[in-house]
Amino acid sequence: MRNSSKRRAFTLVELLVVIAIIGVLVALLLPAVQMAREAARRMQCGNNLKQLGLALQNYGDKWKESMGWQNDLGNMSGNLNGIPDRVSLNAPMNRWNNLSWIYSVLPYMEQQGVYDNVLRDRQNLLDAQTPDIKESVIDTLLCPSNTQDAVRPNQRSGYRHGGGNVAACTDYSGNLGHIWGGWKDCNAVPSDWGIRVVAPGMPADSAAAFNPFRKSGGEEGTPWVNGDWLGDMPRCNGMFRYHGRVRLRDCLDGTAYTVMVFEDMHWRGGNRADRPHDKRSCDDASWLSSIGGINSMRNPINNKNKAWLQGQGDRRCHGWSSNHPSGAQAVMADGSVQFVYETIDHLTRYQIGVRNDQQSTNFPQ
């Protein structure tokens, strides 16, 4: 007589328990996987900034320590003759060669082919480009954490120039400094944080105390800069200007303590309480456009405070920003990359945004 044994199967309860355990393990594991992915994206983003910093340093080695040449003539009349003062507006024939500093460093980013095929000596330059050029995606200019498309609609050629272009964009902006400037003047952001800086040994209530945040008509504090006026360009206290260039030797506060290029997602934002922060792109994000690759550091990092924003799509209110948790990155003028928390105090943000305020900073290196 043959002995037979019954095969014991899992019960339904046992299967449900196993499935539940697997579900719990997956739930525990997914955040860790997401964190690892974001860490990798942030590392790649930092590497992009490092590459931009190296490209600018290499460009400077050739051109007497100059940062990339930024060329936006706005509506300026007489600028082609080099009139270095307040020139009259509305002279469309001067809207020529409005190229960003990014274009000038393309050969140092292994993008010589794009550089050679950009049309120059044209009016409203972005409009004049062929689609394959204006839509050329350069991965080094895009943060992997950004959820926007690389090619975006309705991009403008430059300061006071027309829009409507479909163009490849950048997630990084050259630092104009801590300025209140044309197309960069978000009125909702306070112009006085109530902070006064006094020299060593000076009484705290001294009338000579320095208020770095108040809008000024000169070069001190947070200066007003009209992007149409060549005479205002020296007021840009960062590493770039609307038009022209800044040299490393102009960085009097030390290259390790001055931001050169920072993350800027160009978010549309918006101040309506019944709508979320709009993370679609404004119209000033094209890497080729002279208005796309520069911005002021006056606005707080990751500014989503409705009281410090204006209407949805107001290009004046976006600034240093990223999808990295709690902060954003920047490459300093010495080429080092820093992650800066959005809780940074306003005075420190001012100090690292300005190249020549001669104020000491406790910014960690």
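These exercises, each with a worked solution, cover confidence, fold, cavities, pockets, cysteines and two local sites.

**Ground rules.** This is a predicted model: local features need pLDDT of at least 70, side-chain atom pairs count only at pLDDT 80 or more, and totals for chains, interfaces and linings use all residues. Numbering runs from 1 along each chain as its sequence is written, and side-chain values use heavy atoms, with hydrogens and water left out.

**Exercise 1. State the confidence of the chain and find where pLDDT stays under 50.**

Step 1. Define the score: pLDDT is the predictor's confidence in each residue, from 0 to 100.
Step 2. Take the average. The chain comes to a pLDDT of 85. At least 70 is reached by 87% of the residues.
Step 3. Find the weak stretch. Residues 77-93 stay under 50. The model has 33 contacts beyond four places in sequence for residues 77-93. (Contact means heavy atoms within 4.5 Å.)

**Exercise 2. Describe the chain by elements, burial and contacts.**

Step 1. Count elements. The chain has six helices and 12 strands. Helices (H or I, at least four residues) and strands (E, at least two) are DSSP runs, numbered from the N terminus.
Step 2. Check burial. Of 365 residues, 52% count as buried. Buried means under 20% relative accessible area, exposed over 50%, and partly exposed in between (1.4 Å probe, protein chains only).
Step 3. Check sequence range. Among contacts with a separation of 6 or more, 70% join residues 24 or more positions apart.

**Exercise 3. Characterise the enclosed space.**

Step 1. Set the terms. On a 1 Å grid over the protein atoms alone, a cavity is a set of points where a 1.4 Å probe fits but cannot get out; a pocket is an open set with protein on both sides within 12 Å along at least five of seven lines; lining residues have an atom within 4 Å of a point. Grid points are joined across faces, edges and corners, and a volume is the space filled by probe spheres set on the points.
Step 2. Count. The whole structure holds one cavity of 30 Å³ or more.
Step 3. Size the largest cavity. Its space is about 120 Å³.
Step 4. Read the lining. There are 18 residues, with Asn303, Leu309, Cys317, His318 and Gly319 nearest the centre. Five are nonpolar, 11 polar and two charged. (Ala, Val, Leu, Ile, Met, Phe, Trp, Tyr, Cys and Pro count as nonpolar, Asp, Glu, Lys and Arg as charged, and the others, Gly among them, as polar.)

**Exercise 4. Set out the volumes and linings of the two pockets.**

Step 1. Start with the largest pocket, of about 270 Å³. It has 15 lining residues; Tyr59, Trp69, Tyr103, Ser104 and Tyr115 lie nearest its centre. Two or more residues each come from α1 (12-62) and α2 (101-104). The classes are eight nonpolar, four polar and three charged.
Step 2. Go to the second largest pocket, of about 190 Å³. Among its 13 lining residues, Pro153, Gln155, Arg268, Ser281 and Cys282 are closest to the centre. Both β1 (151-155) and β9 (278-281) give two or more. The largest share, five residues, comes from β1. The classes are three nonpolar, five polar and five charged.

**Exercise 5. Find the disulfide and say what it ties together.**

Step 1. Apply the rule: a disulfide is a pair of cysteine sulfur atoms within 2.5 Å. The count is one.
Step 2. Name the pair. Cysteine 186 and cysteine 317 have their sulfur atoms 2.0 Å apart.
Step 3. Assign handedness. The S-S torsion of cysteine 186 and cysteine 317 is about 80 degrees, so the disulfide is right-handed.
Step 4. Place the ends. Cysteine 186 sits in the loop between β4 (180-181) and β5 (215-216), and cysteine 317 in the loop between β10 (294-295) and β11 (327-332), so the pair ties together parts 131 residues apart in sequence.
Step 5. Check exposure. Both cysteine 186 and cysteine 317 are buried.

**Exercise 6. Describe the surroundings of asparagine 323 and helix α6.**

Step 1. Locate asparagine 323: the loop between β10 and β11. Asparagine 323 is partly exposed, at 22% relative accessible area.
Step 2. List its contacts. Leaving out residues up to four places away in sequence, asparagine 323 touches Ser145, Asn146, Thr147, Trp267 and Lys279.
Step 3. Turn to α6 (residues 346-353). Seven of its eight residues are buried. Among them are His346, Arg349 and Tyr350.
Step 4. Find the cover. β3 (172-175), β6 (222-225) and β7 (259-263) are included in what covers the buried residues of α6.
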